[in-house]
Amino acid sequence: MGPKKLSFGSRSSSCGEKRKKSMVSLELKQEIIEKLERVVRVSDLGKQYGRNMSTISMIIKQKAAIKAVKPSKGITIIFKHRRSTLEEMECLLLIWIKDKEIVVNMITEAIISEKASAIYSDLKAAGSGGDMG
């Protein structure tokens, strides 16, 4: 007789649970790349950050794209076709919002939306960035 197979119900709770996927932030990816450049092993980075070696390897593969990105606050995903005009607009809009928060206590969503449209129109008219349609 061969070895017995465990039925689904007899597994321990740790084997039956699916691991919840978590997104790696852009800041963390940049930190991992910095450590890789200081000659830290992939396996050590995986253990340090609690990630699989394949995840670290994918970050290494995307190294050039990750280093080239100058993200706005809160950006976690790098889009291949993200327009530079949008990134520039977001940066200018954040600066405008910070200036307005110092002067005025209340900024509504409608005011921000109107300003974002105006900035985007100005940038598009000026021809800055690689618009794709």
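**Exercise 1. Determine what share of the contacts with a separation of 6 or more joins residues 24 or more positions apart, and describe the overall make-up of the protein.**

Step 1. In this predicted model, residues 24 or more positions apart account for 59% of the contacts with a separation of 6 or more.

Step 2. The secondary structure consists of seven helices and zero strands. Along the sequence, the pattern therefore reads α-α-α-α-α-α-α.

Step 3. Of the 133 residues in the protein, 20% are buried. A residue is counted as buried when its relative accessible area is under 20%.

Step 4. The accessible surface amounts to about 10600 Å², and carbon and sulfur atoms contribute 58% of this area.

**Exercise 2. Identify the residues of the largest nonpolar core and state which helices supply at least two of them.**

Step 1. The largest nonpolar core has 11 residues: V24, L26, L28, I32, I33, L45, Y49, I56, I59, I66 and V69.

Step 2. At least two residues of this core come from each of helix 2 (26–37), helix 3 (42–49) and helix 4 (53–61).

Step 3. The greatest contribution is that of helix 2, which gives four residues.

Step 4. Another core, of eight residues, lies apart from this one; L93, W96, I119 and Y120 are among its members.

Step 5. A general tendency may be recalled here: in soluble globular proteins, nonpolar side chains tend to be buried together.

**Exercise 3. Find the buried residues of helix 3 and determine how they are placed around the helix axis.**

Step 1. The residues L45, G46 and Y49 of helix 3 are buried.

Step 2. These residues cover an arc of only 100° around the axis, so they lie on the same side of helix 3.

Step 3. The cover over the buried residues of helix 3 includes helix 2 and helix 4.

Step 4. Two of these buried residues, L45 and Y49, also belong to the largest nonpolar core.

Step 5. After helix 3 comes G50, which has a positive phi near 70°.

**Exercise 4. Locate V39, describe its phi, and decide whether the residue is buried or exposed.**

Step 1. V39 is found in the loop between helix 2 and helix 3.

Step 2. The phi of V39 is positive, about 60°, although this residue is not a glycine.

Step 3. The relative accessibility of V39 is 73%. The cut-off for an exposed residue is over 50%, and V39 therefore counts as exposed.

Definitions and conventions
Residues numbered from 1 in each chain as written. Predicted model: local features only at pLDDT ≥ 70, side-chain atom pairs only at ≥ 80, totals over all residues. Heavy atoms only, no water. Core = buried A, V, L, I, M, F, W, Y, C linked by side-chain atoms within 4.5 Å. Buried < 20%, exposed > 50% of the residue type's maximum accessible area, 1.4 Å probe, protein only. Contact = heavy atoms within 4.5 Å. Areas by Shrake-Rupley, 256 points an atom, 1.4 Å probe, with all protein chains shown as cover. Arc of directions from axis to C-beta.
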